[in-house]
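Trainee: Could you walk me through one part of this model in close detail? I would like to see how a single helix is connected to its surroundings.

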Amino acid sequence: MTSYPAWTPASRPGIIPLHPLTFGTILGRSFSALRHNPKVLLGFGLVVQTVAYLVVILGVGGVAFLTFSRLDNVPGYGEDFEAIAIGSTVLTGIAGFILGLAAAALGVVVQAVVVSEVAHGALAEKLSLGMLWRRVKPVIWRVLGYSFLLTLAVAVLIAIGVGALVLIGLAAVPVAIALGVLLVLGAIPLTLWLTVKLLLVPSAIILENARIGTAIARSWRLTRGRFWPALGVIVLISFTFGAVAQVVSLPFTFLGTGLTTVFAPTGDPDAAALITLLVTTVAAQIVTLVIQAVAVVVQSTSAAIIYIDCRMRHEGLDLDLLSYVDRRDAGEQVLPDPYLVGVGRAAPSRPYANTPVPPHVPYAPHPAPPPYGQHPTPPPATPPSGATDEPPRQ
C-alpha cells in the first residue's frame, strides 16, 4: 500500500477561470458561454422569447383589428362612433398589458434558467433543461415577484413625475418643460446606478435561495467596489446589440424600396404600402426580435458571471468552487452546493496575496572570456582557514 492518493485526471475547464475575473474576461465569456450549452442558452431562450414577442404582437394586432373594424359600420362623428372608439382603445390597451405581463414572465423564467446554467457551466457541468428547471422551480415565484415589484416601483415613480409636471404645467408651461428636461437628464445616471446595484438580485435568489429583501441587500453589498466594471459590461452589451439591430434592419429597408420600385413603378399607393409592410416591417421586426432574444440571454449570462466574480472577491467563492471541483473529480458523490458554503462570510486570507515581494538584486557581471587559444588564468589559491606562512615547527 502507498500513502500517495490515487491519480485523477485534470479537472475539466469551465466557461470561466476559477479566480477573480478582469473586465475583458467577463465581457468575452458572456458571449463565448453560449457555446457551452446551446440547447438551453440559444434553443430554449431564443425560442421562448421569440414566440412570446410574436404572441404579443399578433395578439394586440388581432384585438385592435377586431375592435376597430366595427367603426366601419358606424357613421362617423356620432356618439356611437366615439363610444366604440374609446371601448376599442381600452380593450386593445388591456390586451397589450396582459400579454405584455405574460411575455415578461416568460422572459424572467428564461433569465432564471440562464443564471442556473452559467453557475453549473463555471464548474464544467452541462445539465439538461429539465434538471435546470428543477433547480429554478422552487424560487421562480420570488424572481417573478421581484420583477413585478421593480416594474411597479418604476411605474409609480414615472406616474408621480408626470403628474407633478402636469400640475406645474397648468401654472407655468416653460417651468414644467425645463423641469421635465432636468428630470429626464437626472433619471439617466440614476437608472444606470440602480441597474448595477440591483443587477445581482436574481442570481442571489436563484443560487442562494434568498428572499427578496435579503437578495437586494446582497446585491447592494456585492457590487461595492465593482460598480464600474459591471456598468461597462452592461453598457457595451446593450450598445453592441442595439448597433447590430440597426445594421441588420438597413438591408430590409433598401430591399423594400427596391421591390416597391419594381412591382409598383407607377406609384400605386396600395401595392407600395403592402410590399413595404411585408418586407420592411414584418421581416425586419422578426429579425430584430431574434436579436433582442439573444441580447437578453447574453445580458443574463453577464449578470451571472459578474455575480460569481463579486463573490470571489468578497467571499472567496473561487476557493469553494475549486474545492468542489477537486472533490467531485476525485470521485466523491455527495457534495454540498458550493454556492451555499460561504454565503455572507469575509474572504479568507490568501497566503500568496500577503507574501512580500523580495527586492530586486542585480546579478554580478560575468568576466570576459579569454582570447581564443588561451586558457583562463586560475584564481590564486586560498590557504585554508587558520593556516599561516610560518614553516612547521620540528
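Mentor: Let's take helix H8 and follow its contacts, then visit a few other places along the chain. Please keep in mind that this is a predicted model.

Helix H8 covers residues 212–222, and its buried residues are Ala215, Arg218, Ser219 and Leu222. Viewed down the axis of H8, these buried residues fall within an arc of 95°, so they line one face of the helix. A general rule helps here: an α-helix has 3.6 residues a turn, so residues three or four places apart point the same way.

Now look at Arg218 on that helix. Arg218 counts as buried because its relative accessibility is 8%, and buried means under 20%. Side chains of opposite charge can pair when their charged atoms come close. Arg218 forms a salt bridge with Glu208, with the closest N and O atoms 2.7 Å apart. Glu208 lies in helix H7 (residues 201–208) and Arg218 in helix H8, so this pair ties together parts that are 10 residues apart in sequence. Glu208 is buried as well, at 10% relative accessibility.

Arg218 has another partner: its side chain meets that of Glu315 in a salt bridge of 2.4 Å, N to O. Because Glu315 belongs to helix H10 (residues 269–315) and Arg218 to helix H8, this pair ties together parts that are 97 residues apart in sequence. With 1% relative accessibility, Glu315 also counts as buried. Salt bridges with shared partners join Glu208, Arg218, Arg221, Arg311 and Glu315 into one network. The structure as a whole holds 12 salt bridges.

Another of these is formed by Asp337 and Arg135, at 3.2 Å from N to O. Asp337 sits in the loop between helix H11 (317–329) and helix H12 (338–341), while Arg135 is in helix H4 (residues 129–136), so the pair ties together parts that are 202 residues apart in sequence. Asp337 is partly exposed, with a relative accessible area of 25%.

Aromatic rings give us a way back to H8. There are 3 aromatic pairs in the whole structure. One of them is Phe31 with Phe241, a stacked pair at 6.0 Å centre to centre and 15° between the planes. This pair links distant parts of the chain, since Phe31 is in helix H1 (residues 23–32) and Phe241 in helix H9 (residues 227–263), 210 residues apart. Phe31 is partly exposed at 33% relative accessible area, whereas Phe241 is buried at 12%.

Trp193 and Trp220 form an aromatic pair that is edge-to-face, with 5.3 Å centre to centre and 85° between the planes. Trp193 is in helix H6 (residues 173–197) and Trp220 in H8, so the pair ties together parts that are 27 residues apart in sequence. Both are partly exposed: Trp193 has a relative accessible area of 38% and Trp220 has 33%.

Finally, let's turn to the surface. Leu150, Val154, Ile158, Val162, Val166, Leu167 and Leu170 form a nonpolar patch there, with about 680 Å² of accessible area together. Val162, one of its members, is in helix H5 (residues 140–171) and counts as partly exposed at 47% relative accessibility.

So, back at our starting point, what should you remember about H8? Its buried residues line one face, its Arg218 belongs to a salt-bridge network, and its Trp220 pairs with Trp193.

Terms used: Residues are numbered from 1 along each chain as its sequence is written. This is a predicted model: local features need pLDDT of at least 70, side-chain atom pairs count only at pLDDT 80 or more; totals for chains, interfaces and linings use all residues. Side-chain values use heavy atoms; hydrogens and water are left out. Patches are made of residues with over 30% relative accessible area and no salt bridge: like charges are joined within 9 Å, nonpolar side chains (Val, Leu, Ile, Met, Phe, Trp, Tyr) within 5 Å. Accessible areas come from the Shrake-Rupley method with a 1.4 Å probe; for residues, only the protein chains shown count as cover. A salt bridge is a side-chain nitrogen of Lys or Arg within 4 Å of a carboxyl oxygen of Asp or Glu. Helices (H or I, at least four residues) and strands (E, at least two) are DSSP runs, numbered from the N terminus. Buried means under 20% relative accessible area, exposed over 50%, partly exposed in between (1.4 Å probe, protein chains only). The arc is that of the directions from the helix axis to the C-beta atoms. Rings of Phe, Tyr and Trp (its six-membered ring) pair if their centres lie within 6.5 Å; planes under 30 degrees apart count as stacked, over 60 as edge-to-face and the rest as tilted.
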